[in-house]
Amino acid sequence: MRCSGSNAGRGLPAATCSQDKIGDLNHLYYGDNLQILRDHIKDESVDLVYLDPPFNSNANYNVLFRGPSGEKSHAQIEAFEDTWHWTDEAEQAFDDVMQSGNADAAEVLRSIRLFLKENDLMAYLTMMAIRLMELHRVLKPTGSIYLHCDTTAGHYLKILLDAVFGPASFINQITWKRTTAHSDGRQGRKAYGNITDIILFYSKSNEYTFNQQYLPYGEEYLKKYSYRDADGRQYRLDNLTGPGGEAKGNPEYEVMGVVRHWRYSRASMDELIAQGRIVQTKPGSVPQYKRYLDEMPGIPMQNLWDEINAINSQAQERLGYPTQKPVALLERIISISSNEGDIVLDPFCGCGTTIHAAQKLRREWIGIDITNLAISLIEKRLADAFPGATFEVHGTPKDLEGAR
């Protein structure tokens with residue numbers, strides 16, 4: 001969950017812990033996520049990756065942390081200025097992709113460069129490409145990745161994900177309605193209002209974890225359950241006849257004086273009758289099945305998420321950063337695409353919402369951020385929300401030289 005700026009810059013503070021790679025504890029890293037991924041995260045050790053990198057839409061928008069007297073974090077501003085311009089560092093990242101051995105990723109990035117030339121957007125995509133390759137490496141075969149972005153570079157990022165993970169690994173493009181309708185016309189903008197973000201969902205293989213989630217039924221649907229048992233259980237009556245009749249292999253026999261082709265075998269029908277699940281509303285009418293509301297799971301989750309509200313000024317979880325995402329959003333992703341005890345990685349963890357949700361849902365986690373203020377905030381957030389939670393912090397300065 002990003003509430004800070006990028007932790008994409010290389011040559012910035014790196015972790016000072018040992019080079020032993022992790023896999024069985026909660027870890028919070030301060031430093032460049034590319035170097036930390038390379039030095040500290042094992043191959044195929046992570047079950048789920050969520051990343052909400054800076055959108056490259058406006059650097060000032062992403063510079064969120066301020067000092068005690070209100071001034072912006074100079075370290076963070078420098079990280080943006082160094083990262084999102086075509087510099088020697090971007091050229092080196094481009095060369096790394098070319099020499100990676102991933103022919104598809106190299107060819108796609110080379111083609112994008114021919115089109116965009118050497119500009120800020122190309123620098124952004126190059127920095128993202130090399131990191132996506134590392135994230136692919138650390139994911140287990142059963143793992144998934146969710147990349148949160150907007151329309152600024154989302155279409156390019158999808159092409160990069162196709163190249164790194166393979167087009168067949170694309171599962172969904174999720175649209176999250178992050179705000180209510182508004183108009184930018186007062187600022188002279190001639191366009192539709194932007195009220196959604198995009199979340200690109202990819203898997204490492206066909207064996208990815210997916211725990212189906214359900215939403216409550218709407219009022220119109222609930223009206224169908226207009227009957228009640230003596231104990232108050234709501235139900236509706238459903239058709240029992242077999243569609244297609246004999247041609248579809250549905251058996252024909254008599255039930256309560258009515259002969260039809262039925263959905264169920266004679267034995268199954270007799271069992272349902274014994275359970276009181278078959279109802280004949282009047283003599284001679286076609287028997288129907290009692291379908292109880294409390295046995296229905298809800299509406300299966302779709303790819304439009306419009307019922308999770310963005311964090312407003314009154315939200316209890318609000319930390320004061322305009323790009324902060326709600327815990328409910330991360331809880332949904334983590335619940336669907338991981339199980340208890342799995343490892344969740346956020347390489348742009350900012351104010352730590354992914355970590356908060358993972359801790360709450362009993363997952364192990366790894367968080368990385370380039371801003372020391374973010375690491376300090378996450379430590380405090382975990383201490384407040386989960387007293388006694390155990391985790392290791394790597395890379396924060398321990399002495400004056402380290403601070404320099």
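In this predicted model, Y30 of strand β1 has D369 as its bridge partner in strand β16, and that pairing is a convenient place to begin. Strand β1 covers residues 27-30, and its residues are buried on both faces. From there the briefing moves to an open sheet of 4 strands, to two separate nonpolar cores, to the buried residue S337 and finally to the salt bridges, of which the structure holds 24.

**Strand β1 and its partners**

- Strand β1 is joined to strand β16 (residues 364-369) by 4 bridges, and the two strands run parallel.
- Strand β1 is also joined to strand β17 (residues 392-394), again in the parallel sense, through 3 bridges; within β17, V393 is the bridge partner of L28.
- In a regular strand the side chains alternate between the two faces of the sheet.
- On one side of β1 lie H27 and Y29, on the other L28 and Y30, and all of these residues are buried.

**Helix α1**

- Helix α1 spans residues 33-40, and its buried residues are N33, L34, I36, L37 and H40.
- The elements that cover these buried residues include β1, helix α6, strand β15 (343-346) and β16, so that β1 and β16, which are joined by 4 bridges, both appear in the surroundings of this helix.
- At the start of α1, the backbone nitrogen of L34 has a side-chain oxygen of D32 within 3.0 Å.

**The open sheet β7-β8-β12-β11**

- An open sheet is formed by 4 strands in the order β7-β8-β12-β11, with antiparallel pairing.
- Because β7 and β11 (278-279) each have a single partner strand, they stand at the edges of the sheet, and one side of each is left without a neighbour there.
- Strands β8 and β12 pair over 5 bridges in the antiparallel sense, and N239 has Q288 in β12 as its bridge partner.
- R291 and D238 meet through their side chains in a salt bridge, with an N to O distance of 2.8 Å; since R291 lies in strand β12 and D238 in strand β8, the pair ties together parts that are 53 residues apart in sequence.
- R291 counts as partly exposed, at 24% relative accessibility.

**Nonpolar cores**

- The largest nonpolar core has 51 residues, among which V46, L51, L125, L132, I145, L147 and L345 touch the most other members.
- Helix α6 (residues 120-138) gives the most to this core, contributing 13 residues.
- Leaving out residues up to four places away in sequence, L147 touches L51, P53, M128, L132, L157, L161, I198, I199 and L200.
- A second core, separate from the largest one, has 29 residues and includes L28, F201, W305 and L329.

**Serine 337 and its surroundings**

- S337 belongs to helix α10 (residues 327-337) and counts as buried, its relative accessibility being 1%.
- The side chain of S337 makes a polar contact of 2.6 Å with the side chain of Y146.
- Apart from its neighbours within four places in sequence, S337 is in contact with D47, L48, S144, Y146, F201 and T209; of these, F201 is also included in the second core.

**Further salt bridges**

- Side chains of opposite charge can pair when their charged atoms come close.
- K140 forms a salt bridge with D47, with the closest N and O atoms 3.2 Å apart; because K140 lies in strand β3 (residues 139-149) and D47 in strand β2 (residues 46-51), the pair ties together parts that are 93 residues apart in sequence.
- The two partners sit in unlike settings, as K140 counts as partly exposed at 25% relative accessibility, whereas D47 counts as buried at 8%.
- E295 and R233 meet in a salt bridge of 3.5 Å, N to O, and this pair links distant parts of the chain, with E295 in the loop between β12 (288-292) and β13 (299-300) and R233 in the loop between β7 (227-228) and β8 (234-239), 62 residues apart.
- Both partners count as partly exposed, E295 with a relative accessible area of 43% and R233 at 28% relative accessibility.
- A network of salt bridges links R38, D43, D96, E134 and R137.

Conventions: Residues are numbered from 1 along each chain as its sequence is written. This is a predicted model: local features need pLDDT of at least 70, side-chain atom pairs count only at pLDDT 80 or more; totals for chains, interfaces and linings use all residues. Side-chain values use heavy atoms; hydrogens and water are left out. A salt bridge is a side-chain nitrogen of Lys or Arg within 4 Å of a carboxyl oxygen of Asp or Glu. Buried means under 20% relative accessible area, exposed over 50%, partly exposed in between (1.4 Å probe, protein chains only). Two strands pair if DSSP finds at least two bridges between them. A polar contact is a pair of N or O atoms within 3.5 Å; within protein, one must be able to donate a hydrogen and the other to accept it, and residues adjacent in sequence count only if both atoms are side-chain atoms. Contact means heavy atoms within 4.5 Å. A nonpolar core is a set of buried Ala, Val, Leu, Ile, Met, Phe, Trp, Tyr and Cys residues joined through side-chain atoms within 4.5 Å.
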